[in-house]
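Me: I am new to this structure and would like a close look at a single part of it, with the rest brought in afterwards. Please start with one buried side chain and what surrounds it, and take your time.

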Amino acid sequence: MSLDEDTRWLEWVTKQFESIAGEDKEIDLEEFKTALKVKESFFAERFFALFDSDGSSTISLDELLKALDLLIHGNTHTHTAAFWYNVKGSSGSIDPDELRTVLKSCLRESAISLPEEKLDDLTMALFESADKDNSGSITFEELKAELETFPEVMENLTISAANWLKPPDLEQKRRQAPRYLTPAYWHNNSRKLLFLCVYACLSLLLFTGAMLQNHHGGAWYMVAKGCGQCLNFNCTFVMVLMLRRCLTWLRATWVVRVLPLDQNVLLHQIVGYAILCYTVLHTTAHVINFVKLSERTDYRLWEYLLTTRPGIGWVKGTASVTGVVLQVMICLMVLCSSTFVRRSGHFEVFYWSHLSYVWVWSLLVVHCANFWKWFVVPGLLFILEKIVGIAVSHMGGLYIVEVNLLPSKVTHLVIKRPQFFHFKPGDYIYINIPDIAKYEWHPFTISSAPEQSDTLWLHIRSMGQWTNRLFEYFRQPESPAVSPKRLATSLRNRRQLNKISAKMGENTRYCNIKCYVDGPYGTPTRQIFASEHAVLIGAGIGITPFASILQSIMYRYRRRKQNCPNCNYSWCENIKDSEMKLRKVDFIWINRDQKSFEWFVSLLTKLEMDQADEEPEGRFLEMHMYMTSALSKNDMKAIGLQMALDLLAKKEKRDSITGLRTRTQPGRPEWGKVFQKVSEEKKGKVHVFYCGSPALAKVIKAQCEHFGFNFYKENF
């Protein structure tokens, strides 16, 4: 570091120290634990001993600075070896029992649960690798040599104190231009930005035209009429953006390359907020007009607002009354559709309040003499979509034939698929289960592949009232289950029965429950098969659309797979076709804890086994698993565990956490490095598809803009 950086770093460390230390200006063990956020006392006490050089049971500022200086400027391998050599809490060499104790604490610190037998395997894998002379113990030099065999880990190794002792890079933040002003952002969002510009210009033209036509009524009357004309357009356009069947059809045409169809939900929200703003301004302008009129006429202000006596409006003077009701209803609709309502487990509030759109449109027809002219064509399309949806949902018998309850509170529904039901990978449906809620419809992504002709899969995470009721309904012992023999009578496919019978377990329910399905509806993931290099990123239950897509990809991949008749050697022909142009697929799955990987591990295992041994351009499908609750490899507390997991994975050719061949990486992905590697592979134009939390979507989208990748996000 330069002199200026050293000075700034010292100032920052001193400031952080003062915020942690008490009035005695020293840090004790409890304050140290709180600052480092270390779960295990086992590690906290040994970290504390590294800093407490005089053994006074407290850390002074001088002790902290000296220890940090050694860690930063000293030999990383030596200090890490010293830490791990002494972390066992005794002198001398390290024996297997002591190493096992340390690794067990590492597992608890990383929130990883493994059987005792697996812990023994991890211990022996690391011990046998480090004990070069087979003496039955690990010396300091052997441990140091073992650490040097993991350069990718040691390169960025830090102690946990870095979390609160790293100064912010203020200068870099000042130099960076706002993301929305960068050329990359404008290039990657050109369709959306162009659409918004056209929308804004059209709104301005409508507003200006209406004002000029009503200039005789005064300024506020002109404003009210301008807003009214914009409301005519927006209250119709907000419906057009949610014509899901029309949008699904348009996704298969050239229009998808011109219009931002994949962002219809975002645009719907923007138009909704525009309606709220226009409504408030429209009402305010009319109230001011009514105040002026009440001064010149016999009617009072409240009569203008709340009665039909002044005779304002084309239907028996009801414009003012309907306007007040519309103002209240629109405000409630916007409020109940806010993120904090939808994401806080109260989806039903959003759902039922949004159904009031029928009353809003009905009142608008009464309120405004010209609204029906704007509404007639889109309204007919909307009604036609609803009729088709009702007809499709009631055609044929759809029954839930199997339910699997996963410990992570995910309900896996297996629905008997009717012959007429066709969908694309990644599509979603609306489902209604009368036994759960008679009138409620909820959207979920289909997690099975279209090539799987006999059943339809849904994986539903318990997050709100309806999803929790669903999970609890099937968890009860008295839930409507049927025996496999009785189920056979409702299934024409005997092969399906054999599959179901083979999977019997305590978390599986076999049933015959009526349900209704509306859809399928298209999503941005329909673009995957037109991509050359697809990067699929799922966070938590966000894997569901990619479960369907990955299965479909591998079905098509098998058609290209070639096998040698004389041996077990297999390879995949590098053939591009109209159905699939993919040359490479990277699948990234990020989960918080170990338990969440249970959702699709069996599917991913099968996909790994399906891949050919050798391919002309390398592995077609690469998987990358991340567990965010586990300590990252550059954390000193985790290095021993990660070394053991790496060694055992190489030995068994299987990950200890998931059982996959793909090694589960601890912590969060470093997106810059991940996308840099993707960029260097040169497999063609990169398209990134994401499903998960909006916060992570912003991070990934910013990286896509930096590397020039196309970004697609699931929206419901």
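Reply: Before the side chain itself, one term is needed: a polar contact is a pair of N or O atoms within 3.5 Å, and within protein one of them must be able to donate a hydrogen and the other to accept it, while residues adjacent in sequence count only if both atoms are side-chain atoms. The model in front of you is a predicted one, and everything that follows should be read with that in mind.

The residue to begin with is E402, which is found in strand β1, residues 399-406. E402 counts as buried because its relative accessibility is 2%, and buried means under 20%. The side chain of E402 is joined to that of N404 by a polar contact of 3.2 Å. On the neighbouring strand β2, the bridge partner of E402 is V414. That pairing belongs to a longer run, since strand β2 covers residues 410-416 and 6 bridges join β1 to β2, the two running antiparallel.

Strands of a sheet pair through backbone hydrogen bonds, in either a parallel or an antiparallel sense. The sheet that holds β1 is an open one of 4 strands, in the order β5-β2-β1-β6 and with antiparallel pairing. At its edges stand β5 (455-461) and β6 (508-514), and each has a single partner strand, so one side of each is left without a neighbour in the sheet. From one strand to the next, the twist of this sheet averages 25°.

With that picture in place, a second open sheet can be described in a similar way. It has 3 strands in the order β4-β3-β7, again with antiparallel pairing. Its edge strands are β4 (442-445) and β7 (516-521), each of which pairs on one side only, and the twist from one strand to the next averages 30°. Strand β3, residues 428-432, pairs with β4 in the antiparallel sense over 4 bridges, and one residue pair within this stretch can be named: the bridge partner of Y428 in β4 is T445.

The backbone of this second sheet also has a feature worth a pause. Most residues other than glycine have a negative phi, and most peptide bonds are trans. The peptide bond from G519 to P520, however, is cis, with omega near 5°, and P520 lies in strand β7. Positive phi values appear elsewhere in the chain: N134, in the loop between α7 and α8 (140-147), has a phi near 55°, and K682, in the loop between α29 and β14 (686-691), has a phi near 55° as well. N134 counts as exposed because its relative accessibility is 67%, and K682 counts as exposed because its value is 64%.

Another buried side chain can be set beside E402. D586 is in strand β11, residues 584-591, and with a relative accessible area of 2% it is buried. A polar contact of 2.7 Å joins the side chain of D586 to that of H533.

I112 is buried too, with a relative accessible area of 8%, although its place is in a loop, between α6 (96-109) and α7 (116-130). The C-alpha atom of I112 is separated by 6.3 Å from that of Q594, a residue 482 positions away along the chain.

Turning to the helices, two packed helices are described by the angle between their axes and the distance between the axes. Helix α29 (residues 671-680) packs with helix α30 (residues 694-707) at an angle of about 40°, and their axes are 10 Å apart. That angle makes α29 oblique to α30, and α29 passes α30 in a right-handed crossing.

Finally, a record adds a broader frame. In an unreviewed UniProt entry, the annotation "transmembrane region" covers residues 193-212, 270-291, 311-337, 349-372, 378-401 and 534-557. In the model, one of these spans, residues 311-337, is 67% helix and 0% strand, with its end C-alpha atoms 35 Å apart. Another, residues 349-372, is 79% helix and 0% strand, and its end C-alpha atoms lie 29 Å apart.

Technical notes
Residues numbered from 1 in each chain as written. Predicted model: local features only at pLDDT ≥ 70, side-chain atom pairs only at ≥ 80, totals over all residues. Heavy atoms only, no water. UniProt positions renumbered as here; feature names shortened; annotations may be inferred. Buried < 20%, exposed > 50% of the residue type's maximum accessible area, 1.4 Å probe, protein only. Pairing = 2+ DSSP bridges. Axes fitted to C-alpha atoms, helices over the stretch in contact; angles between N-to-C directions. Parallel < 35°, antiparallel > 145°, perpendicular 65-115°, else oblique. Left-handed = near helix turned anticlockwise from the far one by under 90°.
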